[in-house]
Amino acid sequence: MNSALAAMLGLTLSIILIVKKVSPVYSLILGALIGGLLSGWGLQNTVTEMISGIMEISPAIIRILAAGVLTGMLVKTGAASTISETIIKKLGPKRIYLALALAAMLLTGIGVFIDVAVITIAPIALIAGSRLNLPKSKLLIAMIGGGKCGNIISPNPNTIIAAENFGASLPSVMAANIIPALIGLLFTVYVIVPLLPKNATLQPYKLPEEKEHLPSFLSSMVAPIVTVALLALRPLAGIAIDPLVALSAGGIAGIIATRNWHKTNECLSYGLEKMSSIAILLIGTGALAGIIKASDIKDILIHLLANWNDGGVVMAPLSGILMCAATASTTAGATIASASFAPSILGAGVAATWGAAMINAGATVLDHLPHGSFFHATGGAVGMGVKELLKLIVYETAIGLILTISSVFLYFIVI
């Protein structure tokens, strides 16, 4: 059997198993194994290609585990809550949707997982929504849209992996999508939110009376400032600070600044728990990426785009979109796409930074599909059912498409 067809059958099998609630990691590994065997490579060669794919993303996995220090600090010290509450209070009730989107964008932009960012902001959003008689769907789409915008400019796993696979610096990949992120933010607040129907408004909602003491806004911002400053040393001063060091140092600085050193173990444990699930998932995605990379899929895609003057530019976001749709995960989608197609995209003349940035943007288009955890985590944060969430998919997709289109247009303007 043709290796491209075999790899696609393996990918399809993985999708079916994930939809059937089988462990995503084992689904991806099994899909990779079947894809290799159907290609006629034999068991030994198939396993070799799978391991090769995993080995290629292993440096990124180590950096992702280091990012757990920053994530754990932001969530467990209350810094993430302080940042989101401050933004919402400063912008006021008249700009509540902008405030929610901006808070989600900032939290994901400084390294908080998008679903964790939504869960963190959701209680504040529900209170504001009940006071102002706002529909739950509009509150959620504002947070999700802002989170998607922050996700393409963040030191989150998807950006780390895309940069690693393209051999680009993490700060440059983050910076490349700043303008698309801002465009996406405005599009979310002033186009998508107004388009949503005015369905049932919220019932009165209150936070528990006992509220944990939160750190100040300035101390909460120390961690992201230190992290970004360290990462920025490479493009600004030619001093290369690996993300592994920058992310860890930022988290430790945040723990000290918020005077939560007694929560150090709690922060580290939480961060490791969150990042471990991603790291394990990446083993499965790496195995499948190895099979896809060894197959003829790249050659077929190159052939189809041969008549395009900028075929490599099309390949970058398109591969991100397709792999994201298959896995319903920005991280997994960016991993498989960048690991499989980076050599071809670079070979077509696309700069490493922009190849990674466009794949990263493309991986936000369909990361909210029902067979992924993001769909259920965000819905659960505001108490929305599956039927209600399904109605939001088209709006979430539109936001991801705007981010991707903006990233591609910016590439042509800059290059």
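## Exercises on a predicted model

The largest pocket holds about 730 Å³ of space. The model is predicted.

**Exercise 1.** Describe the lining of the largest pocket, beginning at its centre.

*Solution.* Step one: the lining comprises 34 residues, and those closest to the centre are I278, L281, S329, S373 and F374. Step two: the elements that contribute two or more residues to this lining are α1 (3–19), α2 (24–38), α6 (114–132), α8 (157–166), α14 (264–294), α17 (330–347) and α19 (373–382). Step three: by residue class, the lining of the largest pocket divides into 17 nonpolar, 13 polar and 4 charged residues.

**Exercise 2.** Determine which residues have the most contacts inside the largest nonpolar core, and which element gives the largest share of this core.

*Solution.* Step one: the core has 131 residues, and L100, L140 and M143 have the most contacts inside it. Step two: α14 supplies the largest share of this core, with 12 residues. Step three: take L140 as an example; leaving aside residues up to four places away in sequence, L140 touches V118, T378, G379, V382, M384, L389 and L392.

**Exercise 3.** Locate K21 and decide whether K21 is buried or exposed.

*Solution.* Step one: K21 sits in the loop between α1 and α2. Step two: its phi is positive, about 70 degrees, although K21 is not a glycine. Step three: the relative accessible area of K21 is 63%; exposed means over 50%, so K21 is exposed.

**Exercise 4.** Find the loop that contains N133 and state its phi.

*Solution.* Step one: N133 belongs to the loop between α6 and α7 (136–151). Step two: N133, although not a glycine, has a positive phi of about 55 degrees.

Key:
Residues numbered from 1 in each chain as written. Predicted model: local features only at pLDDT ≥ 70, side-chain atom pairs only at ≥ 80, totals over all residues. Heavy atoms only, no water. 1 Å grid on protein atoms, 1.4 Å probe; cavity = no way out; pocket = protein on both sides within 12 Å on 5 of 7 lines; lining within 4 Å. Points joined across faces, edges and corners; volume = space filled by probe spheres on them. Helix = DSSP H or I, 4+ residues; strand = E, 2+ residues; numbered from the N terminus. Nonpolar A, V, L, I, M, F, W, Y, C, P; charged D, E, K, R; others polar. Core = buried A, V, L, I, M, F, W, Y, C linked by side-chain atoms within 4.5 Å. Buried < 20%, exposed > 50% of the residue type's maximum accessible area, 1.4 Å probe, protein only. Contact = heavy atoms within 4.5 Å.
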